[in-house]
Amino acid sequence: MEKFNGTQKGRALELVAYCNGWYDQEKRGAEPAAKLVLARLGVGQMSRAEIEAAKRIAADRRTADQEDGQRRRERKAAAAFAIFAGARRVLDTPAEIYLRDRRGVDLRQAPFLGPRGGSIAPGSLRFVAQHRYLRRNKRNEVLGEFVAPALVACCTDGAGQIKAVHQTWLKPDGSDKAAIAPAPDGTAQPARKVLGEFGGCVIPLWRGDGHLSVREANENGLLQTLVLTEGVEDGLSALLAAPQHRVWAMISLSNMANVATRLPPCIDSVIVHRQNDWDKPAAVAAFERGLAALRASGRAVTEVGAVYGKDLNDTLRGAA
């Protein structure tokens with residue numbers, strides 16, 4: 001019997017049959033289960049005209065819901081773009097202090113040094129001095145808000161358009177992430193949030209050899225290895241170790257399979273950072289799905305884990 005708790009897909013009629021003791025019958029009890037469902041819904045007593053009318057109403061509702069969903073996505077994307085566009089460069093801010101002192105990533109040192117001593121720190125990272133945070137409970141109700149500094153990163157689609165923004169709220173001095181008390185019902189208030197739909201999007205952290213955009217790399221026939229990490233700090237740690245590679249942060253493990261469908265021609269191989277989350281079955285399953293999707297793209301794919309701690313940033317800092 002399939003599980004119906006969200007971890008696996010199952011057939012609804014099989015669940016009905018199982019609950020009513022028909023699962024061992026022919027076709028796993030599909031016929032009596034279907035009759036019961038039709039009776040409960042009242043469909044069995046409807047005329048053909050009534051059924052067709054109900055179908056039209058349902059189709060209209062689906063269309064309206066899709067249009068509403070599209071408008072919500074567009075509003076979120078516009079808000080994400082506005083946040084990023086209004087932010088300042090990350091240098092000379094508490095976000096730079098956070099990356100250097102807490103995460104071991106010094107944006108003033110190689111490989112972030114450009115020609116004539118200029119900086120080529122990732123342009124996808126910016127800073128907001130006063131950024132609003134909404135505290136929510138389990139019902140997603142807003143309980144209140146506060147304002148704190150934040151490191152923000154743009155999440156771009158395959159066309160390079162900003163569709164979402166990754167936000168990390170910080171302590172005012174940049175010494176660490178902000179500590180946010182849980183909601184009264186116990187709901188955790190993470191210091192990291194993403195605004196906008198980020199399926200298939202990435203945070204482009206590094207261009208690798210030649211420092212060319214994806215379009216320029218494609219036009220010039222450059223072939224590169226792409227490093228994929230889950231988070232920003234992991235990605236920055238990876239590029240310090242191998243600055244010759246292009247580096248993207250995938251935002252979440254569940255997004256890896258989506259990213260696999262948008263790999264550009266200039267990418268001929270992929271290195272995926274695998275965090276040490278072996279005690280989390282959902283994380284392991286998401287990673288394996290994403291890895292299979294990457295391999296299905298025809299690229300050479302390998303994975304790299306952390307030597308110390310949970311992730312590459314722990315390894316960079318020598319954290320156990």
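pLDDT is the predictor's confidence in each residue, on a scale from 0 to 100. The structure described here is a predicted model, and its protein chain averages a pLDDT of 90, with 94% of the residues scoring at least 70. Residues 1-9 stay under 50, and the model has 14 contacts beyond four places in sequence for them. Where pLDDT is low, the predicted coordinates should not be read in detail.

**The open sheet**

An open sheet is formed by 5 strands in the order β6-β8-β7-β9-β10, with mixed pairing. Because β6 (203-206) and β10 (300-305) each have a single partner strand, they stand at the edges, and one side of each is left without a neighbour in the sheet. From one strand to the next, the twist averages 25°. Strands β9 (residues 267-274) and β10 run parallel and are joined by 6 bridges. Ser269 stands opposite Ala300 in β10.

**Helices on the sheet**

Two helices are set against these strands, as the table shows.

| Helix | Strands involved | Direction |
|---|---|---|
| α6 | β6, β7 (224-229), β8 (246-249) and β9 | about 25° with β6 |
| α8 (residues 281-296) | β7, β9 and β10 | about 170° to β9 |

Helix α6 packs on the sheet, whereas α8 lies across its three listed strands. Helix α6 (residues 232-241) is mostly covered, as 8 of its 10 residues are buried. The buried residues of α6 are Val232, Glu233, Asp234, Gly235, Leu236, Ser237, Ala238 and Leu239; this list includes charged side chains, Glu233 and Asp234 among them.

**Nonpolar cores**

In soluble globular proteins, nonpolar side chains tend to be buried together. The largest nonpolar core in this model has 29 residues. Those with the most contacts inside this core are Leu99, Leu107, Leu125, Leu151, Ile203, Leu205 and Leu236. Two or more residues each are given to the core by α4 (94-102), β2 (125-136), β3 (142-156), β6, α6 and β8. Helix α6 supplies the largest share, 4 residues.

Leu125 illustrates how these parts meet. Leaving aside residues up to four places away in sequence, Leu125 touches Val90, Leu99, Leu151, Val152, Ala153, Leu205, Val232 and Leu236. Of these partners, Val232 and Leu236 are among the buried residues of α6.

Apart from the largest core lies another, of 21 residues, which includes Leu253, Val270, Leu294 and Val301.

Definitions and conventions: Residues are numbered from 1 along each chain as its sequence is written. This is a predicted model: local features need pLDDT of at least 70, side-chain atom pairs count only at pLDDT 80 or more; totals for chains, interfaces and linings use all residues. Side-chain values use heavy atoms; hydrogens and water are left out. Buried means under 20% relative accessible area, exposed over 50%, partly exposed in between (1.4 Å probe, protein chains only). Two strands pair if DSSP finds at least two bridges between them. Axes are lines fitted to C-alpha atoms, for helices over the stretch in contact, and angles run from 0 to 180 degrees between N-to-C directions. Contact means heavy atoms within 4.5 Å. A nonpolar core is a set of buried Ala, Val, Leu, Ile, Met, Phe, Trp, Tyr and Cys residues joined through side-chain atoms within 4.5 Å.
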